[in-house]
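Let's take a stroll through a protein model and look at a few spots up close. Have the sequence and the 3D view ready.

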Amino acid sequence: MKSPLTGSDAVHDVIGIGFGPSNLALSIAVEEHNARLGAGPGLRALFLERQPRFGWHRGMLIDDATMQVSFLKDLVTLRNPTSDYSFLCFLRERGRLIDFLNQKTLFPLRMEFHEYFAWAAERVAHLVAYDSEVVSVDPVRDDDGTVSRFDVTSRDTARPGATVTRRARNISVAMGLEPHVPPGLELTEHVWHNSELIPRATGLADSGVPVRRAVVLGAGQSAAEAVDYLHRTFPEAEVVSVFAKYGYTPADDSPFANRIFDPEAVDVYFSAPAEVKQSLLDYHRSTNYSVVDMELIESLYATAYQEKVAGRERLRFLNVSRVRAVDPRAGGGVDVAVEFLPTAERQILSADMLVLATGYRPRDVTSLLGAAGKLCLRDDGDAIRVGRDHRVETVPEVTAGIYLQGGTEHTHGLTSTLLSTVAVRAEEIHHSVLAGLAGLATA
Ligand code: FDA
């Protein structure tokens with residue numbers, strides 16, 4: 001049952017759904033805007049996050065993994081290079097600025113960027129409600145039928161059965177991606193998605209149960225990282241990498257290709273016809289999808305070769321292969337049936353774990369939006385129509401705003417699910433929200 005609203009003064013200008021880097025960047029834009037106004041009323045914003053505290057892909061915080069985006073594409077710098085929410089200000093506060101510079105890299109450790117995100121999130125903690133999983137968004141109709149607000153209902157993940165409903169003039173949906181499990185496979189005690197890699201592997205290592213073999217399915221960055229991590233974590237185990245390709249494909253991070261992540265590239269992509277959009281995605285897929293950093297590819301190859309020379313091969317690559325079946329094994333573990341595609345020959349690998357590094361998919365925004373989703377316009381391919389300002393196009397009677405961050409690759413291109421433009425996108429949404437509110441005030 002929905003909780004009643006806390007009162008008419010509880011209308012928020014913006015409610016954010018999800019508090020990952022996208023809505024964190026937006027919250028900082030709002031905070032800086034309100035700070036500029038001083039004692040003025042400012043924007044009333046609240047961000048709802050289902051986790052109990054800030055966390056960014058915690059399951060993949062591998063000790064030596066680095067960011068795949070420059071630290072200058074942090075939460076603020078491309079929007080406001082003088083912001084004190086920048087990665088450099090974080091480093092200065094931590095007393096590591098000069099030490100970081102001496103490394104001569106643009107790409108910090110993933111763990112360090114997580115620490116930076118958490119530091120920024122802590123500074124805007126007054127704008128966030130954690131343990132709040134949004135379960136529905138309902139349009140609120142005025143007497144004349146206009147939908148000028150939404151009721152956003154969240155369940156309290158720390159108190160079963162408790163829900164809160166809040167009212168907002170705009171919502172910013174940034175729920176991220178969810179782990180993809182290929183059809184025919186299911187997650188079990190011994191079959192994990194790589195998003196759970198660190199807690200599961202640490203648990204196993206701490207349990208003292210000997211690990212003899214780990215199988216990793218996939219050929220992208222997460223797969224290669226999982227192979228490398230498991231090989232280091234279980235020094236007695238064989239680690240088998242299974243994928244359909246012949247070999248890992250290197251990520252294209254060359255300067256001209258990298259421009260596909262520029263804010264201007266979003267303009268070009270947005271205004272292009274559908275077939276040009278598709279060709280841009282196809283041409284530049286190798287900047288992001290199913291690709292691996294060259295350094296990691298070379299390091300894995302070197303390790304495999306060293307083992308070959310030494311006569312003890314713990315690292316194995318089953319290429320041009322697919323996992324055909326996974327069966328629980330009596331006494332624990334799984335039997336993984338792997339088929340070599342050219343000959344259809346099968347082998348059974350008895351393993352202690354199968355890690356599915358099989359990617360992520362956008363979360364289903366439509367089912368969350370429910371009745372509000374029915375007010376959204378769709379394109380010929382049934383995808384939600386989204387304006388350049390990230391605002392969903394709706395039927396005319398809706399004056400409340402729905403903004404999407406992520407899940408907009410069909411309109412805004414490859415950066416939709418990435419970090420490259422979070423700062424700039426936050427500014428675009430912020431300005432659009434302000435313009436909408438100004439329009440309401442003068443109407
Ligand atoms: P993100 O997924 O980070 O956050 C969404 C939040 O919404 C989560 O906190 C979730 O709990 C919450 N949520 C979901 N449903 C909810 C609900 N119903 N109610 C309330 N809260 C809800 N990109 C890049 O550009 N450079 C990089 O180096 C990397 N590195 C990288 C490493 C790994 C291991 C992964 C898996 C991904 C990356 N990425 C990346 C891509 C990655 O998607 C991107 O960095 C950000 O996580 C996108 O931020 P968002 O805030 O949009 O989603």
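Here is a short look at a helix, a strand residue and a surface patch.

First, the ground rules: this is a predicted model, where local features need pLDDT of at least 70, side-chain atom pairs count only at pLDDT 80 or more, and totals for chains, interfaces and linings use all residues. Residues are numbered from 1 along each chain as its sequence is written, and side-chain values use heavy atoms, with hydrogens and water left out.

Start with helix α5, residues 197-207 (helices are DSSP runs of H or I with at least four residues, strands are runs of E with at least two, numbered from the N terminus). Leu197, Ile198 and Ala201 are buried there (buried means under 20% relative accessible area, exposed over 50%, partly exposed in between, with a 1.4 Å probe and protein chains only). These three sit on the same side of α5 because they span an arc of only 85 degrees around the axis, taken from the directions from the helix axis to the C-beta atoms. The face turned away from that buried side carries exposed Pro199 and Asp206. What do the buried residues of α5 pack against? Their partners are β10 (191-193), α6 (221-233) and β17 (353-356), with contact meaning heavy atoms within 4.5 Å. Just after α5, Gly208 has a positive phi of about 80 degrees.

Now compare two other residues:

| Residue | Place | Relative accessible area |
|---|---|---|
| His12 | strand β1 (residues 11-12) | 8%, buried |
| Phe107 | loop between α3 (97-102) and α4 (110-123) | 36%, partly exposed |

Leaving out residues up to four places away in sequence, His12 touches several others, including Arg44, Leu46 and Asn170.
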